[in-house]
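Visitor: I am new to this structure and should be grateful for a close look at its enclosed cavities. Which residues line them, and which elements do those residues come from?

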Amino acid sequence: MADDENTRSLEATVRRDFRQAMSYGDYLRLDLVLSAQQPLSDPPRHDELLFIIQHQTSELWLKLMLHELRAVRAQLAGDELNPALKGLARIKHIQHTLIEQWGVLTTLTPSEYAQFRSYLQSSSGFQSWQYRAVEFILGNKNAEMLQVFEHDPGPHAVLQALYEEPTVYDEFLRFLARRGHEVPREVLDRDVREPWRLHPGLVPVFGRIYDNSVEFWQEYEGAEALVDVEDNFQLWRFRHLKTVERIIGSKSGTGGSSGVPFLRRALELTFFPELYAVRGEIGA
């Protein structure tokens with residue numbers, strides 16, 4: 001059949017029968033994905049579906065981010081900086097998507113959220129184990145957080161393993177040491193279960209890299225890629241804070257936190273403090 005002005009006919013080669021062939025929906029398991037949205041409000045509240053999809057899609061992006069961060073860590077450990085940079089570039093795009101996604105949730109007004117908030121009971125985004133896994137692999141380790149997931153053996157095991165493993169930053173610093181940079185021995189031998197704290201002895205290491213970026217271009221590019229990831233993470237935290245403030249104001253969180261004040265304190269956390277400290281030394 002020929003196309004008319006506003007119709008596109010199917011080409012003869014386009015498959016139409018999927019009774020014995022894999023379809024798009026089969027491959028993506030859309031039967032599972034699209035049945036996972038189960039609002040609890042009774043009577044049903046229109047805006048609860050937005051809230052559920054916002055958080056479910058965030059979890060999918062966090063799953064991919066963790067997948068990529070694991071690969072980046074392994075590539076750095078294997079001195080494969082270029083693939084690691086490619087992975088960090090993908091992670092940055094994932095972060096941009098997560099940041100922009102908050103804009104959709106800001107269309108939820110306080111009165112609309114109040115109609116179904118009680119149905120969340122004690123559940124909270126604070127309990128996202130994948131978010132904690134991303135924080136752990138980037139260096140913000142907190143043994144207290146493991147207690148939150150003791151009821152769920154699978155996620156708890158993942159977090160316990162990440163808690164005891166080197167971070168992406170650990171592997172980047174080990175990579176620099178193998179490249180001949182004078183990374184302090186106590187940094188290389190540190191207890192990787194500890195949250196990262198500023199080590200002044202690393203600042204001159206990065207100062208040398210930044211002051212000689214042509215000679216150490218790969219190291220310089222890797223450092224800047226990590227700064228990009230941290231900047232994006234802080235933007236995500238800020239958008240989260242402002243979205244929560246906009247929707248619930250001064251109310252406490254459903255998971256028991258103080259809400260906005262608790263989120264505001266997270267803005268003080270940093271993954272790679274030496275990469276910011278060095279900026280005060282460059283050209284001084």
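**The cavities and their linings**

Guide: In the second largest cavity, α9 gives the largest share of the lining, with three residues. This is a predicted model, and the description that follows rests on its computed coordinates. The full lining of the second largest cavity consists of Asp170, Leu173, Arg174, Val187, Leu188 and Trp196. At least two of these residues are supplied by each of α9 (168-178) and α10 (185-188). Sorted by class, this lining holds four nonpolar residues and two charged ones, with no polar residue. The space in the second largest cavity amounts to about 40 Å³.

How many cavities of 30 Å³ or more are there? The count is two, so the other one to consider is the largest cavity. Its volume is about 80 Å³. Around the largest cavity stand Leu62, Met65, Gln95, Leu98, Tyr131, Asn232, Phe233 and Trp236. Three elements each give two or more residues to this lining, namely α3 (48-77), α4 (81-105) and α12 (217-248). Of these, α12 provides the largest share, three residues. The lining of the largest cavity comprises six nonpolar and two polar residues, and no charged residue.

Placed side by side, the two linings read as follows. Charged residues number two in the lining of the second largest cavity, whereas the lining of the largest cavity has none. Polar residues are absent from the former, while the latter has two. As to the elements, the largest share comes from α9 in the second largest cavity and from α12 in the largest.

Conventions:
Residues are numbered from 1 along each chain as its sequence is written. This is a predicted model: local features need pLDDT of at least 70, side-chain atom pairs count only at pLDDT 80 or more; totals for chains, interfaces and linings use all residues. Side-chain values use heavy atoms; hydrogens and water are left out. On a 1 Å grid over the protein atoms alone, a cavity is a set of points where a 1.4 Å probe fits but cannot get out, and a pocket is an open set with protein on both sides within 12 Å along at least five of seven lines; lining residues have an atom within 4 Å of a point. Grid points are joined across faces, edges and corners, and a volume is the space filled by probe spheres set on the points. Helices (H or I, at least four residues) and strands (E, at least two) are DSSP runs, numbered from the N terminus. Ala, Val, Leu, Ile, Met, Phe, Trp, Tyr, Cys and Pro count as nonpolar, Asp, Glu, Lys and Arg as charged, and the others, Gly among them, as polar.
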